[in-house]
Amino acid sequence: MEVDSAASAAAASRPRTVLQMLVRNSSVWFGGVVLAVMLLTALLAPFMGTIDPSNIDPIYRNKVPGTERMLRLEDGSEVPIKHWMGTDMLGRDVYSRVIYGSQISLVVGLAVAVLSIVVGLVIGLVSGYIRWLDGIVMRIMDGLMAIPAILLAIALMSLFNAGLGTVIFAIFIPEIPRVVRLVRSIVLSIREEPYVESAVSVGTPLPLILIRHVLPNTIAPLIVQGTYICAFAILVEAILSFLGVGIPPEIPTWGNIMAEGRILFQIFPHNLLFPGIFLAITILAVNILGDGLRDTLDPRMAKRLG
Amino acid sequence: MLYFLIRRILATIPVLGMVALFVFFMLRLTPGDPAAILAGENGEPHQIEGIREALGLNKPILTQLTIWLGNILQGDLGESFFFNKKVTELIAMRVEATLSLAIVTLIITLAVAIPLGVLAAYKHGSWIDRLVMGFSVLGFSVPVFVLGYFLIFILSVQLKWFPVQGYKELADGFWTFLHHLILPSLTLSVIYIALIARMTRASVIEVLNEDYIRTAYAKGLSNKVVLMRHALRNAAVPIVTITGIGIALLIGGVVVTESVFNIPGLGRLTVDAVLGRDYPTIQALILVFSLVYVFINLLIDLSYTLLDPRIRY
Amino acid sequence: MQPVLKIDNLSVQLPKGADRQHAVENVRLEVLPREILCIVGESGSGKSVTGLSVMGLLPKGQLKPVSGKILLQDENLLEASEERLRDLRCTGMSMIFQEPMTALNPVMRCGDQIDEVLSTHTKLEQKERTQRIIRIMEEVRLPEPERLINAYPHQLSGGQRQRIMIAMALVLEPVLLIADEPTTALDVTTQSSILQLIRDIQHDHQTGVLFITHDFGVVAEIADRVAVMQWGKVVEFGEARQILSDPQHDYTRMLIGAVPSMKPGHREREESSQVVLNTEKLSKTYSERSLFRTTRTVYAAQQVDIELRRGETLGIVGESGSGKTTVARCIVRLIDPTSGEVFLDGNEIGQLRTGQLRPYRKRIQIIFQDPYRSLNPRRIVGDSIIEGATNYGISREDALKRAHSLMELVQLDPNSLDRFPHQFSGGQRQRICIARALTMEPEVLIADEAVSALDVSVQAQVLKLLDDVRRRFNLALLFITHDLRVAAQICDTVAVMSQSKVVEYGLTHDVFSNPRHEYTRSLLDAAPGKDWEFDLSLNTHG
């Protein structure tokens with residue numbers, strides 16, 4: 001059927017560069033801006049009107065949001081503060097804890113995304129082009145895939161002393177097979193493309209073919225996938241903390257704040273509510289950013305997954 | 001067909017073998033003395049020795065592996081440190097709650113997700129489509145425990161429609177049982193609905209662009225007939241596939257949901273085992289959950305032959 | 001006689017920002033009962049849009065009829081309600097499409113798909129419907145209708161599926177059948193029998209047929225009248241004989257002039273020219289291994305012996321699946337031959353390992369069918385052209401100089417070397433691919449269906465370019481094609497392949513004028529429009 005001219009119509013109205021397309025996409029805008037605000041919050045946590053998030057004050061336990069009081073500083077002077085989000089069971093300021101908690105979430109999200117993309121890309125490229133290795137690698141990946149990701153992360157945590165590094169490791173391992181499969185499927189389809197076969201027939205060596213012709217095709221899908229992994233990693237980190245098997249409880253993370261808050265949540269729901277809202281909005285922003293990136297960078301996948 | 005069945009079942013063996021190897025080596029290849037790790041930071045020397053003895057960690061690694069694999073094949077998953085019980089007994093005691101939760105969740109999910117997805121695909125580009133997609137992204141982003149507490153607070157604490165937490169066995173009467181299960185299942189199903197509605201929509205949209213859909217319209221069929229008889233039927237394979245893959249998500253969700261709703265199931269057992277560094281129980285649970293996951297996906301693979309006549313093995 | 005279909009002044013609007021305002025503009029044509037009207041045109045001419053407008057199946061939101069009338073037996077379809085259009089489909093007008101492979105629902109039995117038409121539009125009982133289905137299946141000459149009624153589409157061949165489509169379209173005896181390139185995706189022998197079927201069945205049922213095609217061979221075969229379309233407009237409309245022999249419009253003249261003749265041209269041939277490449281008993285088999293069962297073996301090419309001489313063109317012709325592409329890919333070593341030898345200047349290269357193969361790679365180059373996938377879309381064409389040369393140690397500057405002069409040779413602007421592939425048309429891309437192959441200064445050039453995806457006018461130019469290049473560089477050209485007309489024009493010798501074997505091999509002239517193998521004969525016999533000579537120079541118009 002010739003709707004060639006219709007297709008060229010769509011092409012004509014399409015902006016020229018990827019950058020322009022990204023700017024036009026409202027999902028990218030929304031996700032990007034919210035995420036940027038979160039990043040700034042995390043970076044500037046000490047200047048956001050926060051106090052020491054681990055400052056315990058037994059007198060001011062379980063105060064509702066909006067409670068005002070005087071805080072004694074280290075030099076002995078007193079300043080008036082307002083607990084915007086109330087205090088927890090130990091009298092710590094929930095607002096400060098939530099703001100500082102964003103640091104852990106974002107670090108874990110970014111670290112897991114970058115690590116799993118890099119490791120998965122290398123394994124996927126190599127196994128997509130070297131036949132004998134492919135069989136072995138894919139069997140291992142099948143095995144890893146058969147263990148539900150959250151379960152594997154929880155189990156891995158039982159082996160280590162809880163800490164930021166081990167949490168990142170435990171979340172990143174289950175993500176590897178997903179990236180490997182994605183990269184491998186791209187490699188397998190691209191290597192059948194006539195332009196790759198042309199490169200073979202003009203004598204281009206294998207490493208150059210991988211770098212020149214195959215690798216560029218993986219970048220867009222990997223950026224998209226990386227965004228989704230980032231969102232999932234933030235979620236899993238919160239789950240691990242919430243279940244008490246993640247980052248140690250003395251460090252403020254959204255999951256930890258909620259884990260402590262859940263004991264009295266029927267009376268003081270604010271300890272659950274505020275970190276929960278921050279967590280949900282952050283993950284939502286990253287997911288929406290991912291959808292926007294997918295629509296602009298990877299139209300083929302967009303068509304498949306809507 | 002029988003030949004295919006056998007071949008397909010055999011194909012799961014390497015996968016499960018790989019899982020078993022992971023589980024086995026996960027502990028042994030961890031840097032440091034595994035027995036000391038399991039004993040925890042305050043482990044006494046005699047405790048560490050006891051653990052080493054119990055897990056056979058003082059034997060050569062290959063011997064350990066053979067013994068362990070041999071035991072698994074005989075259905076012996078070892079003995080829990082923490083509960084002082086056979087792990088198999090422990091699992092048997094807890095399985096009902098988890099299974100009930102999973103089944104009710106699955107029913108809610110399919111009943112909601114597929115109609116939503118088809119509707120969104122049919123109204124592609126309309127506000128209904130955008131609403132469904134928006135819900136899907138939201139459902140994917142709100143963590144199970146955040147949603148769980150939110151629902152408990154509104155529906156149980158404030159409105160008192162449902163019990164706050166807890167689980168009642170089926171033996172306590174079906175309605176009591178269901179009454180306790182609805183809220184956790186609803187919570188757990190949200191992410192799963194988001195996933196499947198999205199996939200349903202995408203596959204139906206893709207199918208609607210196929211040549212045979214144009215043929216169907218050229219025959220003079222109405223929109224409804226084309227959608228139900230031609231589009232949905234052809235979109236079934238990816239929908240069923242994602243349902244199977246989503247089981248992994250469901251299993252992860254079970255662990256969290258059971259903690260939120262205080263349900264004594266396998267998910268809670270997992271958390272307790274990890275907190276108590278009860279390694280035999282953790283190992284067994286990973287094996288059991290993976291087995292379930294692989295088995296469900298096996299069933300789904302087999303269902304392809306019914307859904308699509310082109311797939312023959 | 002009153003026409004069954006009358007299209008009057010139809011214009012269909014394209015979305016904003018397209019290369020033109022209308023997909024079809026002021027189109028007028030009519031189809032009489034019992035006549036076959038062919039709409040001919042190249043891609044983008046608006047011929048399919050015309051057909052879809054009649055059926056009311058234009059993609060919603062993209063294409064919209066903005067003026068004119070479409071009268072099906074006096075009823076204006078553009079004013080009909082959606083419901084009325086549904087009622088008319090398959091009862092008053094039917095349509096069959098190009099791709100029989102994808103046009104049938106893969107998860108529904110063939111009989112049920114025909115039955116759907118009957119149960120939607122009639123009140124017949126199940127039993128009567130089944131009888132009717134069997135009768136129409138017999139009429140479209142499907143073997144064993146009782147069995148095929150329960151078959152799924154994937155169990156049928158392409159030709160059989162198209163017959164199911166025809167059965168579906170004609171079971172309720174509509175007055176109009178729209179056939180949109182119904183034989184383009186089929187092999188030539190299947191095409192011939194489907195054309196015959198359409199001709200017979202429309203004659204028996206007095207159906208008017210609107211037949212959309214790009215192939216003048218098909219036109220010569222079946223058309224009563226012809227409408228030639230260019231850029232959305234009908235530029236010429238009249239009796240088929242008249243237009244084919246004495247076209248009035250320049251565009252029609254160009255199109256007909258570009259159709260390669262079935263008669264091999266006279267080609268000079270030096271007996272003594274040296275053999276550059278030959279294969280001995282070249283075979284490729286694929287075997288499926290499974291756990292318990294014995295292996296299933298597919299023979300892709302068997303015992304192929306061919307010989308390529310310097311300065312000569314050898315054609316391998318055959319239908320899809322005959323193994324012709326497999327032979328090409330084995331020679332270029334994109335795949336490894338299972339057995340047999342490939343000699344390049346006497347050196348065996350068929351079994352060499354990747355490392356040893358390197359010095360030989362540059363001497364054999366290949367051009368592929370799909371111009372849209374043959375160039376890396378992310379690299380400027382200059383980089384694609386010089387990639388090979390720089391692989392063999394030539395400096396970038398020297399390689400670019402070479403690319404520059406080659407661009408001139410393939411008649412493209414050398415200053416466009418820094419553009420991306422999407423800025424070129426299909427024909428231009430194919431020229432770039434030729435330039436890329438030539439930078440390697442090869443001795444053997446393989447063209448694997450290199451002109452099959454191009455419109456006929458562009459095809460003629462690229463063919464001419466390939467022939468010029470062969471002469472100029474004294475290349476051995478291996479030309480793989482399914483198109484006998486193209487083969488007749490460009491090849492010195494041809495090898496006819498069928499079911500993975502070479503069944504006939506000889507001088508082009510001999511094979512075409514005096515085919516010895518039965519398969520070759522059936523192939524030549526099936527070529528559409530074979531009896532029609534498209535050589536306009538025979539006519540008086542200069």
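Begin by selecting helix H7 of chain C, residues 158-170, in this predicted model, and you will find that this helix lies across S6 and strand S7 (176-180) of chain C. Its direction runs at about 170° to that of S6(C).

Now widen the selection from these two strands to the sheet that holds them, an open sheet of six strands in chain C, whose order is S6-S7-S8-S3-S9-S10 and whose pairing is mixed. At its edges stand strand S6 (93-96) and strand S10 (233-239) of chain C, each of which pairs on one side only. If you look from strand to strand, neighbouring members of this sheet are turned by 15° against each other on average, direction ignored. For a closer view, select strand S9 (residues 225-230) of chain C together with S10(C): the two run antiparallel and are joined by six bridges. Which residue of S10(C) is the bridge partner of C:Ala227? The partner is C:Phe237.

Move along chain C to another open sheet of six strands, again with mixed pairing, in the order S17-S18-S19-S14-S20-S21. Here the edge strands, pairing on one side only, are strand S17 (364-367) and strand S21 (501-507) of chain C, while neighbouring strands are turned by 15° against each other on average, direction ignored. Select strand S18 (residues 444-448) and strand S19 (residues 476-481) of chain C, which run parallel and are connected by five bridges; within this pair, C:Val444 stands opposite C:Ala476 of S19(C). Then add helix H20 (residues 518-526) of chain C, which packs on the sheet by touching strand S20 (493-498) and S21 of chain C, with a direction that makes about 100° with that of S20(C).

Turn next to chain A and select helix H6 (residues 149-157) with helix H7 (residues 164-190), whose axes come within 8 Å and cross at roughly 145°. The crossing of H6(A) and H7(A) is right-handed. On the side of H6(A), the residues to display are A:Ala149, A:Leu152, A:Ala153, A:Leu156 and A:Met157, which meet A:Thr166, A:Ala170, A:Ile171, A:Ile173 and A:Pro174 in H7(A). The residues of this contact divide into nine nonpolar, one polar and no charged.

Keep A:Ala153 selected, since the next stop is the largest nonpolar core, which has 329 residues and in which A:Ala153 and A:Ile154 have the most contacts. Helix H9 (residues 206-243) of chain A gives the most to this core, with 18 residues. Leaving aside residues up to four places away in sequence, A:Ala153 touches A:Ala170, A:Ile171, A:Pro174, A:Val236 and A:Leu240.

From there, show chain A and chain B together, where 41 residues of chain A are in contact with 42 residues of chain B. On the chain A side, the elements giving two or more residues are helix H5 (131-145), H6, H9, helix H11 (270-297) and helix H12 (299-305). The largest share of that side, nine residues, comes from H11(A), and the residues of the side divide into 28 nonpolar, seven polar and six charged.

Finish with chain B on its own, in which there are 12 helices and zero strands. The C-alpha trace of chain B spans about 80 × 55 × 40 Å along its principal axes, and buried residues make up 42% of its 313 residues. Among contacts in chain B between residues at least 6 apart in sequence, 70% join residues at least 24 apart.

Terms used
Residues are numbered from 1 along each chain as its sequence is written. Chains are lettered from A and ligands numbered from 1 in the order in which they are written. This is a predicted model: local features need pLDDT of at least 70, side-chain atom pairs count only at pLDDT 80 or more; totals for chains, interfaces and linings use all residues. Axes are lines fitted to C-alpha atoms, for helices over the stretch in contact, and angles run from 0 to 180 degrees between N-to-C directions. Helices (H or I, at least four residues) and strands (E, at least two) are DSSP runs, numbered from the N terminus. A crossing is left-handed if the near helix is turned anticlockwise from the far one by less than a right angle, and right-handed if clockwise. Two residues are in contact if their C-beta atoms, placed from the backbone, lie within 7 Å. Ala, Val, Leu, Ile, Met, Phe, Trp, Tyr, Cys and Pro count as nonpolar, Asp, Glu, Lys and Arg as charged, and the others, Gly among them, as polar. Two strands pair if DSSP finds at least two bridges between them. A residue is buried if 20 or more other C-beta atoms lie within 10 Å of its own, exposed if 12 or fewer, and partly exposed in between; C-beta atoms are placed from the backbone. A nonpolar core is a set of buried Ala, Val, Leu, Ile, Met, Phe, Trp, Tyr and Cys residues joined through C-beta atoms within 7 Å.
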